[in-house]
Every structure is written in structure tokens, then in C-alpha cells.
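Before reading on, take a moment to look at the model from several sides and to follow the chain from one end to the other. The report is meant to be read alongside that view.

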Amino acid sequence: MHKLLPLLLLLATAGAQAGNVSLDAPIGGWHNSANEDAAFMQTVTYPAVKVNVRNARAYASIISGHIANAPKKSPPATLVVNGVAMPQRIEDDGHFARPYAFPSGSNSVEVRGPNGERRRVQSYESYAGRNRPHVRVVLSWDSDGTDLDLHLVTPSGEHVFYGAREARDGTALDVDVTGGYGPEIIASPSQQHGTYLVYVNYFGAGFYGEEEGARHEDITVAQVAIITDEGTPREKQQVFRVPMRKPGDLTLVKAFQYP
């Protein structure tokens, strides 16, 4: 019987760790968000790490929760949304929040804390009238105190970035994250046919709350995920990792055709 003790201890530890993570939104189960605000873009404060959501009840367009016992200046948590992993900054009080335009159909969100704790929610959005992102580009990076910027040029020639966050066809940048890790997401509900251009700009490093005297290495690695026709049988995901060597670098990550 004593041979079961290590397994029981392992299961108890896993259960305790899972209990350290709570997800307020999205809520698991079957939902219809016909009367909710599901805008791609939300306002933020600066440095842009805390997200102010317009409608606190818009559970179908936000990821938010809390990690108990998270130390101050904790490394980021990991969000895995519909198979795409991205970092998520944890505030000093353990809370985290960010907008996310979920498509109709089945959606999965998993939060993995810095100490191995995790929580997963599966939901189904039954409102077919939601703006579905036909193109979604997700930028994240691996260092704090750095500012990388996501740029998307649409087939019509419009340039979406922090200085022009919304295009005429509804393509929009959700958050301009200026203090490290990201993610920044540009989502497009339109079905423009043609060539999209995805760029990453290394805007700057060594600022936004770093401790005095801390060294900062210029190089940071950007991860760019490109998802087309999300939540449909035609869904395609591509993930690129690009070293950004110094502030000022501008890199064309991918030129791709849609559809």
C-alpha cells in the first residue's frame, strides 16, 4: 500500500496547483453572446500591461483570472488559446486580463502558471453572428523591459500598427504592449483577398520598470503566429520565431496570401 504514497502525493500536489489558478472569463460550457460587446480592440493604460475592458460582462471577448501565491515580479504565465501559446504578464496582485475575440464554435483556453499550476476551460460560442477573425496574427517575445511592435499591411494597402490601430475594414490591433512579452494581436473580420505583409519592429529596450542597475541584453526572440479561418475546417496555423538583435530592427516575418 505504501507504494501508492508517491502517486497520491503527486496527485494531491497537482490538485493544489490547479487550485491556485482561477479563470473568471471565459466561462466554460455553452454560450450565446448575441448581446455582448465583442470588439477586437480595447483601451489600455500605459505602460500597457493592464487591460481596461469596456464591458466587464463581455465574457466572450476577454480572458481574465487570478494566480494565487504568485510572487511579485513573477515571470509571465502562459496562455494557450485554441492551440496557440503566448505569454501573459501577471500583475503584482496575481491578476491577469486581456481582450480576445473568440470565434463562434468551440474554444479552448488554458492558463499555465510560472510554478506549473494550470487551469483549462472549454467553451462553445453558439452565436453565429459574431465577427469571426478570418486572419489573426499574434506577436509575443521572450524578454521583459522590451517593446516590440506588430505591423500588418492588408491587401488594400492599409497599415495597422500602434499608430493606426484600426483599418476601414475592421482589421484592428487589440493592445499595444510596451513593457515586455506581449502578446499583441491583430485580427481581421474581413475577407480581403490578396497579399498580407507581417512585420515586427524592435522599438526599444532597457526601460519600463526595470530595476536600477539591471543589465538588459539587446537580443530578444519574437514569436509570430498566423492563423487563418480560425475555428473552421479550413483553419491553418503557422508559427515563426525571429531573433530581433537590436532596437530599430524592422523585419518582414511573412508575406502570405488569403485565402
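The sections below go from the whole chain to its cores, a pocket, some single residues and a few details of the backbone.

## The chain as a whole

This is a predicted model, and every value in this report was computed from it. The chain contains 1 helix and 19 strands. Of its 259 residues, 49% are buried. The chain exposes about 12,500 Å², and carbon and sulfur atoms supply 52% of that area.

Contacts can also be sorted by how far apart the two partners are in the sequence. Among the contacts in the chain with a separation of 6 or more, 69% are between residues 24 or more positions apart.

## Two nonpolar cores

The largest nonpolar core has 25 residues, and the members that touch the most other members are Val137, Leu139, Leu148, Val198, Val200, Val224 and Met244. At least two residues of this core come from each of the strands β11, β12 (146–153), β16 (194–205), β17, β18 (236–244) and β19 (250–258). There is also a second, separate core of 21 residues, and Val21, Val81, Phe96 and Phe102 are included in it.

Leu148 is a useful residue to select when exploring the largest core, as it is listed among the members that touch the most others. When residues up to four places away in sequence are not counted, Leu148 touches Leu139, Trp141, Val177, Glu184, Val200, Asn201, Tyr202, Phe203, Thr220, Ala222 and Met244.

## The second largest pocket

The second largest pocket has a volume of about 190 Å³. Its lining is made up of Pro76, Ala85, Met86, Pro87, Ser140, Trp141, Asp142, Tyr181, Val221, Gln223 and Arg241, and these residues divide into 7 nonpolar, 2 polar and 2 charged. Three strands, β7 (84–88), β11 (135–141) and β17 (220–228), each supply at least two residues of the lining, and β7 gives the most, with 3 residues.

One of the lining residues is Ser140, which has its place in strand β11. Is Ser140 buried or exposed? With a relative accessible area of 6%, Ser140 is buried, because the cut-off for a buried residue is under 20%. Leaving aside neighbours within four places in sequence, Ser140 is in contact with Pro87, Tyr181, Pro183, Val221, Ala222 and Gln223; of these, Pro87, Tyr181, Val221 and Gln223 also appear in the lining of the second largest pocket.

## Two further buried residues

Ile186 sits in strand β15 (residues 184–188) and counts as buried, at 1% relative accessibility. Apart from neighbours within four places in sequence, the residues in contact with Ile186 are Val135, Arg136, Val137, Leu150, His151, Leu152, Val160, Thr171, Ala172 and Leu173. Ile186 and Ile226 are 40 residues apart along the chain, and their C-alpha atoms are separated by 9.8 Å.

His134, by contrast with a residue in a strand, is placed in the loop between β10 (118–125) and β11. His134 nevertheless counts as buried, at 12% relative accessibility. Leaving aside neighbours within four places in sequence, His134 is in contact with Ser188, Pro189, Ser190, Gln191, Ile227, Thr228, Asp229 and Tyr258.

## Details of the backbone

Where are the cis peptide bonds described here? One joins Ala25 and Pro26, with omega about 0°, and Pro26 has its place in the loop between β1 (21–25) and β2 (29–31). Another runs from Tyr258 to Pro259, with omega near 0°, and Pro259 lies in the segment after β19.

Positive phi values are the other detail to look for. Asn82 is not a glycine, although its phi is positive, at about 50°. Asn82 is found in the loop between β6 (77–81) and β7, and it is buried, with a relative accessible area of 16%.

Asp229, also a residue other than glycine, has a positive phi near 55°. Asp229 is found in the loop between β17 and β18, and it counts as buried at 7% relative accessibility. Asp229 has appeared in this report before, as one of the residues in contact with His134.

Terms used
Residues are numbered from 1 along each chain as its sequence is written. This is a predicted model: local features need pLDDT of at least 70, side-chain atom pairs count only at pLDDT 80 or more; totals for chains, interfaces and linings use all residues. Side-chain values use heavy atoms; hydrogens and water are left out. On a 1 Å grid over the protein atoms alone, a cavity is a set of points where a 1.4 Å probe fits but cannot get out, and a pocket is an open set with protein on both sides within 12 Å along at least five of seven lines; lining residues have an atom within 4 Å of a point. Grid points are joined across faces, edges and corners, and a volume is the space filled by probe spheres set on the points. Helices (H or I, at least four residues) and strands (E, at least two) are DSSP runs, numbered from the N terminus. Ala, Val, Leu, Ile, Met, Phe, Trp, Tyr, Cys and Pro count as nonpolar, Asp, Glu, Lys and Arg as charged, and the others, Gly among them, as polar. Buried means under 20% relative accessible area, exposed over 50%, partly exposed in between (1.4 Å probe, protein chains only). Contact means heavy atoms within 4.5 Å. Accessible areas come from the Shrake-Rupley method with a 1.4 Å probe; for residues, only the protein chains shown count as cover. A nonpolar core is a set of buried Ala, Val, Leu, Ile, Met, Phe, Trp, Tyr and Cys residues joined through side-chain atoms within 4.5 Å.
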